[in-house]
Amino acid sequence: MNIEAFFSAVLNVSLNGLQVVYGQPWIALLVLVGMVLWAGMQSYLTVRRTAPYLAALDGRISAVRAALGSSDEAGTRRRSFAEHYLDVAVAMERSQPGAADLSEAWRGFRETIVDETATPVSSTTRPQPYFGRSPPRLANLIFASNTFVAAGLILTFLGLVTALHTAGGKMGDVNSARSALTDLLTVASAKFLTSIGGIGASLILRWAEHGLSKKISLKLNQLCSLLEAGLMYVPPQRLALQQLSALREQTEQLKFFNTDFALQLSERIGGHFQAAMAPVAGSLDALSASVSSMSEGLGQGAAKAIEEATGGELRALGGTLAILSDKLEALSTTIGSSGDEAAAQIRAAGADFAQAASDI
């Protein structure tokens with residue numbers, strides 16, 4: 001019971017406080033006007049915050065359109081775009097309020113361009129995925145729109161609960177009940193103004209969000225369409241086919257190098273080598289003949305020099321041996337009495353020395 005009494009007291013105090021606010025019919029009208037004004041102000045601030053981005057987007061659209069020229073022919077427009085590509089790049093990189101995300105998107109897309117100096121300029125990706133992330137976020141308008149609807153409904157139900165509680169306290173007799181029901185209906189009809197205010201504010205915010213999103217989307221699509229008109233889109237499948245074709249050409253060239261070219265190269269190198277070595281071979285033959293003649297001359301001269309150098313010494317040796325033989329013969333005669341055998345031996349030795357001297 002104490003808990004029930006406590007909650008009943010809290011409920012009565014809360015409802016009595018709400019009755020002070022909701023007891024005045026003009027309160028609901030004030031809430032409605034406040035919601036609508038706040039939604040209008042929020043939409044206006046969002047439009048102002050988005051205006052620099054739209055201005056930067058318009059400048060880039062004008063630069064790309066000027067680079068494409070006035071021709072409707074696709075090839076002519078791409079050639080004109082390639083000629084003015086640097087002007088487009090400068091315009092895309094231009095620093096101005098609201099252009100930071102656009103410049104970042106262009107830098108990311110620029111990395112997909114194959115060759116900026118070629119005609120036409122080619123890219124491997126379409127620009128939409130990069131520039132589609134550049135618009136300012138409008139999620140705050142969507143969130144505020146949903147919040148206003150919920151707030152209007154909550155305020156309406158709080159007013160109805162307050163009105164029912166007040167009417168219930170006046171149900172004493174028939175006249176009081178009739179008066180309470182009249183007040184209930186009057187107050188309840190006024191409380192629905194908060195729901196109307198919430199829904200109205202939500203519509204204002206939704207209209208602002210839809211208008212800005214549509215304007216941004218149209219301008220972004222226009223910019224991307226102009227870029228695609230000036231660029232040649234090269235899908236990854238085409239690049240893969242080009243690489244396959246290049247590999248096939250390289251294979252054929254390698255086959256040619258390993259067969260015909262290698263043979264022709266060896267023949268040409270052999271011919272040039274023989275022509276270059278012919279003088280060297282002739283020089284080596286002449287050098288060999290010169291060395292042979294020098295060897296023959298050197299052999300004859302050496303033999304003659306040896307004969308001239310050793311002839312005198314040999315003749316002197318022969319004379320010395322002859323003298324020795326004479327002395328031995330004289331000695332053998334002197335010592336003849338020593339025996340015929342000793343004398344014979346001495347004479348044989350002298351004869352041998354004389355023979356040796358004559359041989360020399």
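A salt bridge is taken here as a side-chain nitrogen of Lys or Arg within 4 Å of a carboxyl oxygen of Asp or Glu. In this predicted model, a search of the whole structure under that criterion finds five salt bridges.

The side chains of R107 and E93 satisfy the criterion, since they meet in a salt bridge with an N to O distance of 3.0 Å. R107 belongs to helix α5 (residues 100-110) and E93 to helix α4 (residues 85-93), so this pair ties together parts that are 14 residues apart in sequence. The contact is also part of a wider arrangement, in which E93, E104 and R107 are linked in a network of salt bridges.

A link between distant parts of the chain is made by D58 and K219, whose side chains meet in a salt bridge at 2.7 Å, N to O. Here D58 sits in helix α2 (residues 26-68) and K219 in helix α8 (residues 174-230), with 161 residues separating the two. A further salt bridge joins R110 to E116, where the closest N and O atoms are 2.7 Å apart.

The accessibility of several of these partners is listed below.

| Residue | Relative accessibility | Class |
|---|---|---|
| D58 | 31% | partly exposed |
| R107 | 37% | partly exposed |
| E93 | 28% | partly exposed |
| R110 | 26% | partly exposed |
| E116 | 28% | partly exposed |

The class follows from the cut-offs, because buried means under 20% relative accessible area and exposed means over 50%; R110, with 26%, therefore counts as partly exposed.

Key: Residues are numbered from 1 along each chain as its sequence is written. This is a predicted model: local features need pLDDT of at least 70, side-chain atom pairs count only at pLDDT 80 or more; totals for chains, interfaces and linings use all residues. Side-chain values use heavy atoms; hydrogens and water are left out. Helices (H or I, at least four residues) and strands (E, at least two) are DSSP runs, numbered from the N terminus. Buried means under 20% relative accessible area, exposed over 50%, partly exposed in between (1.4 Å probe, protein chains only).
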